[in-house]
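Trainee: Could you take me through one part of this model closely? I would like to look at the sheet in the first chain and whatever lies around it.

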Amino acid sequence: MKKLLLSIIVLALVIIGAGCAEKTSEGKESTTVKLGVSGTDTRIWDFVAKKAEKEGINIEIVPFSDYVAPNTALAEGELDVNAFQTVAYFDVFIKEHKLDLVPIATTVLAPMGIYSEKHKDVKDIPDGAKIALPNDASNQGRALLLLQEAGLIELPEDFDANGDLNQIKKNPKNFEFIPMVPAQTPRALPDVAASLINNGVAGDAGLSPLEDAIFVESETATPYLNIIAVQAKDKENKTYKRVAELYQSEDTAKFIEDEYKGNLIPTFVPLSNIGW
Amino acid sequence: MLVNSEQIISALIETIQMVAFSLLFSTILGLPLGILLVVTRKGHLLQNLPFFTVLNGIINIFRSVPFIILLVAMIPVTRLIVGTSIGTAAAVVPLVFYCGPYIARLIENSLLEVDPGVIEAAEAMGATPGQIIFKFLIPEALSSLVLALTIATIGLVGASAMAGAVGGGGIGDLAITYGYQRFDTVTMIITVLILIVMVQGLQSLGNIAAKKIRRR
């Protein structure tokens, strides 16, 4: 009986020991990059991660449900890289929060759109109509700029990308603007004349900016290019740079075009184009 | 500060409206449910185990759903009742479905605290179940019921912050959209101070009322 027990213990130790050894040898071969994203759609990063895996880079995708935590987590070193935000949001965020983060690459433009169940053209939206728009700083400013581009309102010259409803200079048709959480804007469509819906939310709600929107952002909206960000000290980190390169490759661009049918536009431009 | 005093005042009015109407309708919904939860349980006045089990289950289901999910799930009901799914009035419907079952549980707790001797005495006097509930059980538990409703009201003040999700506005929404999202510390402090004052006031009011009832 004692011998049996002893042999079981020895066997167990051998198995555990073998397991440990395996893990350490794996750890030496591959580097893990913790990547913060927002929302549940990780298709592009899954694609990039698959390519990275072949080069021994293990990308661990960490999804967040808001737009604040991925940056604070990156600054605190809980994440290595994040990719969820536009450069406009990023610039204001790091300034206000005094974070030492930098962008290392641009990724996609996710055009915001004006959607309506009742009107085919923005000009048809009647006087005094209700218009739903996101209530968070970056999306609301962007929505207001889009409303201006559509000729519905007028904003001051110095309007910054994170401005709010108080800053509308002229609202000639006296629209009533109703701010709500971004995910609610598609759900409110039956109750409003139009909703400003950001790209990710529209996609989740089964709407397509190309087919369903009555007005979309033009491709030159550089403040709204999305970026990959890292801590400033990691600016020259080879692994992270390689991850960015894998993203900015032709097959990734093709994957994005096929998968999102033009609703996400892969836009790989030098950082100087976005003011960095 | 990014907001003006006008915005704060209208947000305050929105919060008061939401809390007041939600409290009214939640109580109308929760009070009978709470009483039923007590009197239909095993060994009580109107013992009815199938009814109790179903009601108990339904209340637990509503109490399990995260508020933001309930808010979205209730949209068709909200449209039916209010005619729209956005705005302050539309926020009241999900708040009622959130708070009503909560009130039912609080009331159940208060009524269960009543000394069973009181009910036995009333039964011995030949009182009908209706008389026992309204003449003995509720008056006996009244002070504790007032405190329970105070807890529910303060819970509503907190939950009403989520009404901003559907364009319902309110003080909590101002705190979230300006204080939290736009890093507007001044607005955050002012709105949170207003909420603290509201909660303190409500709790004191509830305490005073409960005390007066107990003395009588």
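Mentor: Happily; here is a walk through the sheet of chain A, followed by a short look at chain B. Keep in mind that this is a predicted model, with an ipTM of 0.74 and a pTM of 0.71.

In chain A, 6 strands make up an open sheet with mixed pairing, and their order is β2-β1-β3-β10-β4-β11. The edges belong to β2 (57-64) and β11 (265-266) of chain A; each has a single partner strand, so one side of each is left without a neighbour in the sheet.

Now move inward to β3 (residues 81-86) and β10 (residues 225-231) of chain A, which run antiparallel and are joined by 4 bridges. A good place to look is A:T86, which stands opposite A:N226 in β10(A). Across the sheet lies helix α7 (residues 238-247) of chain A, which covers β1 (31-38), β2, β3, β4 (101-109) and β10 of that chain and runs at about 15° to β4(A).

Turning to the partner, 14 residues of chain B are in contact with 15 residues of chain A. On the side of chain B that touches chain A, the residues divide into 7 nonpolar, 6 polar and 1 charged.

Within chain B, have a look at helix α2 (residues 49-64): its 16 residues reach 22 Å from first C-alpha to last, close to the 22 Å expected. The number of buried residues in α2(B) is 1 of the 16, so this helix lies largely in the open. Among the elements of chain B, α2(B) has the highest mean pLDDT (97), while α8 (residues 171-180) has the lowest (89). For chain B as a whole the mean pLDDT is 93, and 100% of its residues reach 70 or more.

Terms used
Residues numbered from 1 in each chain as written. Chains lettered and ligands numbered in written order. Predicted model: local features only at pLDDT ≥ 70, side-chain atom pairs only at ≥ 80, totals over all residues. Pairing = 2+ DSSP bridges. Helix = DSSP H or I, 4+ residues; strand = E, 2+ residues; numbered from the N terminus. Contact = placed C-beta atoms within 7 Å. Axes fitted to C-alpha atoms, helices over the stretch in contact; angles between N-to-C directions. Expected span 1.5 Å × (residues − 1). Buried ≥ 20, exposed ≤ 12 C-beta atoms within 10 Å, placed from the backbone. Nonpolar A, V, L, I, M, F, W, Y, C, P; charged D, E, K, R; others polar. pLDDT = per-residue confidence, 0-100.
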